[in-house]
Amino acid sequence: ATLVAFSATWLFHSYQWFWIRGTFPIVWSDLVFWFGLGLVVMINVLIETRLGRRRSLGKGVRTLRQEVIHGLKIAGTFTAICILWTIWSTPEVEDLGFLWQAVLNSGPVDVAVLVGIPLGIGALGVLFGGRQREVSRAGPGSVRIEGGFWREAAMVTVGAAALILIALQPGLLTPISPQLADLVKDVKGRASLNAADVERLRRGYYEDLGDITRFNGELWTVMVGEPPYWNVGDQDQTRTRTDAIRMDFIPSSTAVFKGATRTINSHGMRDREYSVVPGPDTFRIELVGTSHDMGAGVEDGETYENLVEDRLNAELGPVTGLTYEILNFSYGGYTPIQKLETLRAKALAFEPDLILYAAASNELERVFQPYQLRWLAQNDLFDQFPDVLDAINRAGIDTEVEAFDSNEEATTAKLLPYAEEVFAKLFRKFRDLGERQEAQTALLLLELPNDNSQSLAELERLKAVGEEDGVPILDLRGVFAAVSDRSTLWIAPFDSHTTAAGHQMIADLLFEKLLQSDLVPTKAPGAD
């Protein structure tokens, strides 16, 4: 009966996939999880059937040895479930190899956590899980000892209430441990998913609908709530290129994208019209970023770069006699490789004075995007990016197209240790390209509404790269600090791109940073 129950669970779980997707999966990890768990439960059932539970009219007294064994059993059960869950959520055998390597590379603190958590749960189970259920015999005449019920019920109620209160107000933990308070905030914020998680889960096999429900319930909630027309505008406004840029906008096109009108100018930018050669007395800034910088989900005039441009002209224009322009070369999903190529193939022709490289918290993860590597392989473009090619070779990855089609997660995991090094080299080339045309480069660190403390730590790594290269840093971390519920800055409950209100906050802080860093002229030419 136990095996039948677990077999039925696996069958109906797979049928749910079949009902949605039209294919019935036979996956080794499913079989190991369901039947492995079923086998363990069946063995336990057989043991209890043969040995039975000790029954006594009096209150049973456990020895220290029995308590230790009981705690180890609880810890072992918890560990077994964690291992089975890991197998179930890792369909590729190669990915399990990476996890095993990470375990082998664990330091003393990691080992203490890995061993301490199961043992701690076992100890808690011994201390608080000993509900007395012994009876003298079955049937109406059974004698049940209820002495510890109310004490245990009270402890469970108080414990649950405390956890609920902490979940609602993580700040209560700050006087005890600020780090613990931040951890609770991050756990609580899992429903909002940071940019890196969304990018990872949407990529590769995580794009499969079954895997979305399987690995992340929050992402499933996000994606099923997304209307079918939400991203349709991309189909009407994008085109494929043959160079490393891969994709860009169709010039002079207009469409509704993520609920807002998106107008592309004659040069293929989501921006106003500009001449290729700047006019006299013009200070020209160029912005190279991704969808948040392009302004996904807000109207044409509501992007932060447009707001900053308007304010520069309104407040500084009358003082300096200059016209300020910010040309937006951003495009959704651009990697550091694409940003470098965009500057080289498109943006430099517009003769900028200042170039802003916009980077978000997932910038390092984007260095080795599988779709970008696949594109470089398909079009024989790796020779244009020797630093990327060198990292791929050192990671032991073949540069044939098939190598980036088999297991994207495994490929990304192999290359991630080289991400910061390669990003630094790509960014340095980005800076050098600007300097050759006497344009200054600055690194713009953009905080997103769904960033958490871990995401902001990634921005610190990018900041270190910029400081090493000696470029100005426009650090916008903390831009949303005054907003208690940052999900109100999402354009939709299922889309974490920044709202118009969020773009206004970014624009205000960016304007201040530009003036503080002396990156834009604030006085008339020749004035002291």
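Helices here are DSSP runs of H or I at least four residues long, numbered from the N terminus. With that in hand, and bearing in mind that this is a predicted model, open the viewer and start with Asp 387.

**Stop 1: Asp 387**

Select residues 386-394, which make up helix α16, and pick out Asp 387 within the helix. Is Asp 387 buried or exposed? The cut-off for buried is under 20% relative accessible area, and Asp 387 is buried because its value is 17%. Now show its surroundings: leaving aside residues up to four places away in sequence, Asp 387 touches Val 422, Lys 425 and Lys 429.

**Stop 2: helix α18 and the sheet**

Next, select residues 419-436, helix α18. This helix lies across β5, β7 (354-359) and β8, and runs at about 160° to β7. Helix α20, residues 500-516, also packs on the sheet. Its contacts are with β7, β8 and β9, and its direction makes about 150° with that of β9.

Hide the helices and look at the strands. What is the strand order in the open sheet? Reading across, you get β6-β5-β7-β8-β9, five strands with parallel pairing. β6 and β9 each have a single partner strand, so each has one side without a neighbour in the sheet. Step from one strand to the next and the twist averages 20°.

Zoom in on β8, residues 440-445: three bridges join this strand to β9, and the two run parallel. To see a bridge pair, select Leu 444, whose partner in β9 is Leu 474.

**Stop 3: a salt bridge inside the sheet**

Stay with the strands and select Glu 325 and Arg 284. Their side chains meet in a salt bridge, with N to O at 2.7 Å. Glu 325 sits in strand β6 (residues 323-328) and Arg 284 in strand β5, so the pair ties together parts that are 41 residues apart in sequence. Colour by accessibility and you'll find Arg 284 buried at 0%, while Glu 325 is buried at 13%.

**Stop 4: salt bridges with partly exposed partners**

Now go to Arg 272 and Asp 310, another salt bridge, where the closest N and O atoms are 3.0 Å apart. Arg 272 is in the loop between β4 (260-264) and β5 (282-288), and Asp 310 is in helix α13 (residues 304-320), 38 residues apart. Arg 272 is partly exposed at 29%, and Asp 310 is partly exposed at 37%.

Then select Arg 477 and Glu 460, whose side chains form a salt bridge at 2.8 Å, N to O. Here the loop between β9 (473-475) and β10 (490-492) supplies Arg 477, and helix α19 (residues 453-469) supplies Glu 460; they are 17 residues apart. Both ends count as partly exposed, with Arg 477 at 24% and Glu 460 at 39%.

**Stop 5: a network**

For something beyond pairs, select Arg 239, Arg 241, Asp 243, Asp 248 and Lys 346 together, which are linked in a network of salt bridges. If you want to keep hunting, a search of the whole structure finds 26 salt bridges.

**Last stop: helix α17**

Finish at residues 408-415, helix α17. How many of its eight residues are buried? Six are, leaving the helix mostly covered. Select Glu 408, Glu 409, Ala 410, Thr 411, Thr 412 and Leu 415 to light up the buried set.

Terms used. Residues are numbered from 1 along each chain as its sequence is written. This is a predicted model: local features need pLDDT of at least 70, side-chain atom pairs count only at pLDDT 80 or more; totals for chains, interfaces and linings use all residues. Side-chain values use heavy atoms; hydrogens and water are left out. A salt bridge is a side-chain nitrogen of Lys or Arg within 4 Å of a carboxyl oxygen of Asp or Glu. Buried means under 20% relative accessible area, exposed over 50%, partly exposed in between (1.4 Å probe, protein chains only). Two strands pair if DSSP finds at least two bridges between them. Axes are lines fitted to C-alpha atoms, for helices over the stretch in contact, and angles run from 0 to 180 degrees between N-to-C directions. Contact means heavy atoms within 4.5 Å.
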